[in-house]
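Thank you all for coming. I would like to take a few minutes to go through the model on the screen, and I will try to keep to what can be read from it.

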Amino acid sequence: MAGSPVSRRDLLSAGVVIGSTVALGNQPAEARSYSGEIPWTPGEANAPTPIKPGPFQYLTQDEVAFLDAAVSRLIPADDLGPGAKEAGVTTFLDRQLGGAFGKGSSWYMQGPWKKGEVTQGYQSRMSPAELYRASIKAVDAYCGGKFGGKKFSQLSADQQDEILSGLEKGDVKLEGADAESFFTMFLQNTVEGFFSDPLYGGNRDMAGWKLIGFPGARYDYRPYVKKHGEKLNLPPVGITGRPGWNSNT
Amino acid sequence: MKIFRYAALAATALTALTSAAYAADTSFHELERGKMLVNAGDCVSCHTVKGGTPFAGGRPIETPFGIIYSPNITPDPETGIGAWSDDAFYNAMHSGVDPKGERLYPAFPYPYFTKITRQDVKFMREYLNTLPPAKSSQAVSANNPNRMNDLTWPLNHRIFMRGWNMAFFEPGEFHPNKQKSGEWNRGAYLVEGAAHCGACHTPKNKLGGDETSHVLQGGNIQNWFAPQIAGDMRAGIGSWSANDIVEYLKTGRNKHSGATGMMAEVVTNSTSKLSDNDLHDIATYLKDVPGAAADAGSKPDQKVMAAGKAIFDDSCSACHQTDGQGVPHMFPPLVHNANVQSSDPSSVIRVILDGAQTVPTDARPTPSSMPAFNWKLSDDQTAAVANYVRNSWGNSAPAVSASQVADMRKQLQANIAQ
Amino acid sequence: MERKLPPVDVILVGFGWTAAILGQELTDAGLNVLALERGGWRDTSTDFAVTFAQDELRYMERKALFQEPARDTLTFRNSPSESALPMRHLGSFLPATGVGGAGIHWNGQTWRFLPSDFVAKSHNTQRYGALADGMTIQDWGVTYDELEPYYDKFEYLCGISGKAGNLNGKIQDGGNPFEGARKRDYPNPPLDMVYAPTLFEKAAAETGHKPFPCPAANMSRPYTNPLGVTLGPCTYCGFCEKFGCGNYSKSSPQTTILPVLMRKKNFELRTQCEVLRVNHDDVAKRATGVVYVDAQGEEWEQPAEIVVLCAFAQHNPWLMMLSDIGKRYDVQSGEGVVGKNYAYQIVSGVDVFFDDKIMNPFVGAGALGIGIDEYNGDNFDHGGLGFIGGGYLACWQTNGRPIEYHPTPKGTPKWGTKWKKAVAKNYLTSLSISTHGAVMSHRNNYLDLDPTYHDTHGRPLLRLTFDYTDNEHKMSDYLTDRAEEIAKAMNARDIYAKKRTGHYSIVPYQTTHNTGGAIMGTDPKSSVVNRYLQSWDLHNLFVMGACVFPQNPGYNPTGTVGALTYWAADAIKNQYLKKQGPLVQA
């Protein structure tokens, strides 16, 4: 995968940020005035930054153990193919929680804080990273209490499912964290990690896309519009390519 | 109360006519002729720095030998050419010497301007005299023989130009070819003279002189390849009609291609301002220039072509279509495209890496732009897809290597770092 | 302390669809026009290029093109008796920020309202008697016939792909037979259709309806509009709505207007400049200009002869409140106008599952679909039904992006092995029928200023009080039932009708069709702007956008927003410039 180093001119160009990570938001740059032409500079692209594979950067070992186990229950490996763990969802979560998403930097995080109705949405003062950290700790503590000192990752699959259902329904109450909010976010993020572009660390080998037959980051389906009812069997491609792009494979 | 102010369009033509430098006996017709030739010569592009006062100089012009900064050619008497006599201006245009006898560098295309008649040069001077005089620094003053340049030795000494001129410069005004039509001759006068197309489109020898046996058969300039604009069907404009040529020069695009890179500026500042008649004359001449087939070169291997096809179908077809036909006037067709099939792949490689904007003009305002792929494709992948487009759908061109891509990448980064 | 800048003729607050249209029209009239946009410059090849636009996580989930609640949000409650709390994440609707506004990430579904929609109050009371208690719908003050040429102008600007249903009074086969009469057909033919909508088309026809291709701002072929700007053909990439278009084939300010407008010497755009308020002289009854803050936090006063509010729907009434323009609506007394009659859309769907029919859902475009209009507006007899209004039904195929789209039959668990198997089984072989219902205005649905929460500039947040009423629920249930009937005619394996139940929630995405708060009308006591979108209070202030809708009919709003903008531009050019003053006597 190629990547151009960020260049000085790119940074100075018309308000565009190079190689930004997810949730770049609209960071205040500099007020500018435009008249007489549409600005354009060669080589500019507000392209995403692929994660660098490697050790976990944000999650602790305990959190990794929990997440590996939990995502394996949410989307298990089976005869259809790899599950969330094999697809690298824990790595995905690690990079997300360690970045702008984890900080909740695009959210309105001013007080006062009140619980609110379900229709008023998320009202916790916890950022996603804080919510995960507090909740995972609390779930492990809950499991310890209920299952004789065991952490979530040490339980049987059935027991794990029981805990997860309890969180989902609100039957399991956590100390210091809102179980339902946590579960909703966690399930959503797991699905994201399973189906997002592999450049973000999940959907390894496009396992999620292969499961359902989604061809990925394509942009031209005109040859297929009229192929009503036909299975297309297009190999999935990510933003950073697929094996077929390399002549040595 | 006066309600509505209108931000006045720069009515420089009108205000300039009252400027002090304007000679009372110059007719409007002469000024129009001078203006046409100054437009054809695209003086404003080289003699204006981005964001700066038009014609006041200061633009860095890359040559293979370093950088030359254009001087101020507004009528300012101290730092521009306001105090030059008409003869002095003619000598600069015709012989490449300044009023003090110092030689000018051929980044200023005097080897082409030499063809312009003395009378036409006078008209150009008269038009330039109507511009608002602008003061510039000594670094770009037309009257400072030691003005700013950044050339490698020994070229940083103007005396060296004497030898160069002897080898590569033949002064002389244009002589019409009596066997050709009036249109052909007027076109030749413009192309070989003021419009100096060969300065980019004719290949150069190692010392920067024209390869006179390959006129208009394509040249490499500042890491672009200015394609052949002579008659080869594959690498040149042999498949273009005269109307296609006129449309391209006037609006920046036609059904075969769109102007981008350095040609974009030429369209905006020069050719789009010429009359239809002048453009037809140019087209008549160009259609008669003998072309040369591109080098056959080596063909890319099957694995590379397969990888290139995968990349193309996934990433390029959304604009250029899987059959390479593109959308005429919007996304250039790659089939039978001269840029794509030039032996020198510089333009192909850099357009893939950096993207390209098709020049917007009043007639065709949409600046349809190709995005940059530099962050997305490796050198191998860039070479693969370049090879694919150069050798598919009936196209044929020599193979591109990953190291050529790597070199271009370095060049483009170096440009940015300046 | 702000510094004063040299005056301009016109200020456009915000630079999305309405500002682009007005900028083009008013610069043509010789005025010098300044647009102030709080976000940054955005364009196709740099910000939503074909090389990286296909990123569901970044654009759909992390909402990279949309307004950030950290910088701008509102507070929400269902009813006046509750406490409003901030909308901390985006959910139900997705306003934009940056050049092009929501015109970049919309679907491109481009409709005309029905002639009866513009006189909803008189039409419905005449036919069905008194309105339900608390319903505050009003007539618009402009008619469909008056707007027809402006709908046409917007459709030709955009290059809408569609088929006319009513040409000068003659109903056309294959088009929408219920639409208002139009003078000429759409500028482009309908998009080529994928499989799923054709199945709906067949079942709808068999059950006695008249299906037609939905009008789309996705180009069915290359198109050059009357301004000379060219768009490319849509490639059905399935990354349309919520995303910018990478190959110039979706209509947006960038692809239809900006190439011409940005070249004009009498137009200037300033980005990263957020307008804080409009200054005004109440004795002269004129706006004098605006105050805006730049990215470094410095404030500037910008005087102008004309000020136009072109920010997104609810943002315009918010600016009026912050600037103390007009009389604010008070829910207790029912008096006042600024903030009144907020409305939205009520949507539902029926998922249909097959075993054997492959839909390829990822082959999609934002407005690719077949629709029926039998149940919209007053196209059917509402006698005895207990509601007024309606909506269209459509089988859209816009995308198959898997994070959002992985339909499972009713009763499927939301995770685990069964979920995974259901997702794998049904992804390629399902379709959905949507209903797109109107929302009538109600006295308890309104906008005002929040007493507790503030934005980054210290201004009180806008407070939204909104819930569906009985009218909406009954109507939506009715539409969902009709959709289910058509679904049943498709001989599917499984049908899952998902009615919209309970209170309106700000959490799940529904539509970005927020309307009202600065409504247009014939009487300053019950409207904020007159029929030319001119403020009743300050004659040189005009307000654009869906905030002028007195209630929201059963169609996407953008077509009408575009038409009203051209209509107002004409009034400014041909009437206001000749004689500055109120264009309608109160």
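I will go through the contacts between chains, then a nonpolar core, and then the domains of one chain.

Please keep in mind throughout that this is a predicted model. Let me begin with chain C and chain A, where the contact takes 81 residues from chain C and 77 residues from chain A. On the chain C side, the elements that each supply at least two residues include helix H2 (44-47), helix H6 (195-206), helix H8 (258-261), strand E11 (267-271) and strand E19 (446-454). If we sort the residues of chain C that touch chain A by class, we find 37 nonpolar, 25 polar and 19 charged.

Strand E11 of chain C deserves a second look, since strand E1 of chain A, residues 32-34, is joined to E11(C) by three bridges, and the two run antiparallel. Within this pairing, the residue standing opposite Ser33(A) is Arg270(C) in E11(C).

Turning to the other partner, chain C has 27 residues in contact with 24 residues of chain B. Here the elements of chain C that give two or more residues are H2 and H8, and the chain C side divides into 10 nonpolar, 13 polar and four charged residues.

Now to the interior. Which residues touch the most other members of the largest nonpolar core? That core has 348 residues, and the ones in question are Val10(C), Ile11(C), Leu12(C), Val13(C) and Val308(C). Taking Val308(C), and leaving aside its neighbours within four places in sequence, we find it in contact with Val10(C), Ile11(C), Leu12(C) and Val13(C), and also with Leu22(C), Phe542(C) and Met544(C). As general background, nonpolar side chains tend to be buried together in soluble globular proteins.

Finally, chain B, which is divided into domain 1 (12-21 + 37-168), domain 2 (182-286) and domain 3 (302-417). The centres of domain 2 and domain 3 of chain B, taken over C-alpha atoms, are separated by 21 Å, and their contact takes 27 residues from domain 2 and 24 residues from domain 3. On the domain 2 side, strand E5 (224-226), helix H10 (242-251) and helix H11 (262-269) of chain B each supply at least two residues, with H11(B) giving the most, namely three residues. By class, that side of domain 2 has eight nonpolar, 15 polar and four charged residues.

Key: Residues are numbered from 1 along each chain as its sequence is written. Chains are lettered from A and ligands numbered from 1 in the order in which they are written. This is a predicted model: local features need pLDDT of at least 70, side-chain atom pairs count only at pLDDT 80 or more; totals for chains, interfaces and linings use all residues. Two residues are in contact if their C-beta atoms, placed from the backbone, lie within 7 Å. Helices (H or I, at least four residues) and strands (E, at least two) are DSSP runs, numbered from the N terminus. Ala, Val, Leu, Ile, Met, Phe, Trp, Tyr, Cys and Pro count as nonpolar, Asp, Glu, Lys and Arg as charged, and the others, Gly among them, as polar. Two strands pair if DSSP finds at least two bridges between them. A nonpolar core is a set of buried Ala, Val, Leu, Ile, Met, Phe, Trp, Tyr and Cys residues joined through C-beta atoms within 7 Å. A residue is buried if 20 or more other C-beta atoms lie within 10 Å of its own, exposed if 12 or fewer, and partly exposed in between; C-beta atoms are placed from the backbone. Domain bounds come from an automatic or database domain assignment.
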